[in-house]
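Reader: I am new to this structure and would like a close look at a single part of it. Please take one helix and follow it into its surroundings.

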Amino acid sequence: MATIRLGDEAPNFNANSTEGSINFHEWLGDSWGILFSHPADYTPVCTTELGTVAKYKTEFEKRNVKVVALSVDGLESHKGWINDINETQNTTVNFPIIADEDRKVSELYDMIHPNADSKLTVRSVFVIGDDKKVKLIITYPASTGRNFDELLRVIDSLQLTAYHKVATPANWKNGEHVVVSPAISTADAKNIFTKGVEEVKPYLRMTPQPNLN
Ligand code: BEZ
């Protein structure tokens, strides 16, 4: 297992999932992707997480993001549990869940942290860009359900950086002013960002979010 770092190509793999076998890179196609692990099927926090992700389907689609979950439980377990998620979370699971019984993908992505749990995956999240590069890695313990609003916020920030050469400040929310990349001079920024550039300091330039009308 090699360490995966930001900017690395997301390692490719083949795996069985609740929606058939997946070659990760082919499955991603031209989309952005989220690969996220949960510790175990039929557990309470995981049930709420997967139900939440199902409800966010249109938010992920708007951002051209495909989502795939993973745990080390088997396919039959996943399929039975999906019925419970649909029933209790009032939704329909609409993304694949990888059955990583041989831990091949978990090990490839370093999702098992032995000092937390020797057998089960922690709550890892990998956001992968449409260039197949790893853009974000977050790791939560088993006992803390993830904040999927934060994940959407980060994806919005990552896509602003990828497509509009801007960064986002602390606690930024969609619609608020953004930061001009330090790689762009203020003179160039004034030509690129036609809504205006405020030079607070030579290294701190703010501009209205460029992808809004
Ligand atoms: C849960 O999903 O509720 C959970 C799973 C493993 C450990 C603790 C909580």
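Author: What follows starts from helix α2 and works outwards through its neighbours. The model is a predicted one.

Helix α2 covers residues 44-55, which is 12 residues. From its first C-alpha to its last it reaches 17 Å, close to the 16 Å expected at 1.5 Å a residue. The buried residues in α2 are Cys-46, Thr-47, Glu-49, Leu-50, Gly-51, Val-53 and Ala-54. An α-helix has 3.6 residues a turn, so residues three or four places apart point the same way. Within α2, Cys-46, Leu-50 and Val-53 are among the buried positions.

Cys-46 is a good place to begin. This residue is found in helix α2, and an unreviewed UniProt entry lists Cys-46 under "active site". Is Cys-46 buried or exposed? Its relative accessible area is 1%, and buried means under 20%, so Cys-46 counts as buried. Leaving aside neighbours within four places in sequence, Cys-46 is in contact with His-38, Pro-39, Ala-40, Trp-81 and Arg-123.

Leu-50 leads to the nonpolar core. The largest such core has 27 residues, and Leu-50 is listed among those with the most contacts inside it, together with Ile-34, Phe-36, Phe-60, Val-67, Phe-95 and Val-127. Helix α2 is one of the elements that each supply at least two residues of this core; the others are β3 (32-37), β4 (65-71), α4 (75-89), β6 (123-128) and α6 (148-164). The largest share, six residues, comes from α6. Apart from this core lies another, of 18 residues, with Leu-28, Leu-70, Val-105 and Met-111 among them.

Phe-36 shows how α2 meets other parts of the chain. Not counting residues up to four places away in sequence, Phe-36 touches Leu-50 and Val-53. Its other contacts are Val-67, Val-68, Ala-69, Leu-70, Phe-95, Ser-124, Val-125, Arg-146 and Phe-148.

The end of α2 has a neighbour in a loop. Thr-91 lies in the loop between α4 and β5 (97-99). With neighbours within four places in sequence left aside, Thr-91 is in contact with Gly-51, Ala-54 and Lys-55, and also with Ile-85 and Asn-86. Thr-91 counts as buried because its relative accessibility is 14%, where the limit is under 20%.

Two other loops hold residues with a notable backbone angle. Most residues other than glycine have a negative phi, and most peptide bonds are trans. Asn-64, in the loop between α3 (57-62) and β4, has a positive phi near 60°. Asp-110, in the loop between α5 (104-108) and β6, has a positive phi near 55°. Asn-64 is partly exposed, at 37% relative accessible area, and Asp-110 is partly exposed as well, at 35%.

Away from the helix, strands β1 (residues 14-17) and β2 (residues 20-23) run antiparallel and are joined by four bridges. They form a hairpin with two residues between them, and Ser-17 stands opposite Gly-20 in β2.

Last comes the division of the chain. Domain 1 takes in 8-146 and domain 2 takes in 164-208. Taken over C-alpha atoms, the centres of the two domains are separated by 34 Å.

Definitions and conventions:
Residues are numbered from 1 along each chain as its sequence is written. This is a predicted model: local features need pLDDT of at least 70, side-chain atom pairs count only at pLDDT 80 or more; totals for chains, interfaces and linings use all residues. Side-chain values use heavy atoms; hydrogens and water are left out. The expected span of a helix is 1.5 Å times one less than its number of residues. Buried means under 20% relative accessible area, exposed over 50%, partly exposed in between (1.4 Å probe, protein chains only). Two strands pair if DSSP finds at least two bridges between them. A nonpolar core is a set of buried Ala, Val, Leu, Ile, Met, Phe, Trp, Tyr and Cys residues joined through side-chain atoms within 4.5 Å. Contact means heavy atoms within 4.5 Å. Domain bounds come from an automatic or database domain assignment. UniProt positions are given in the numbering used here, feature names are shortened, and annotations may be inferred rather than shown by experiment.
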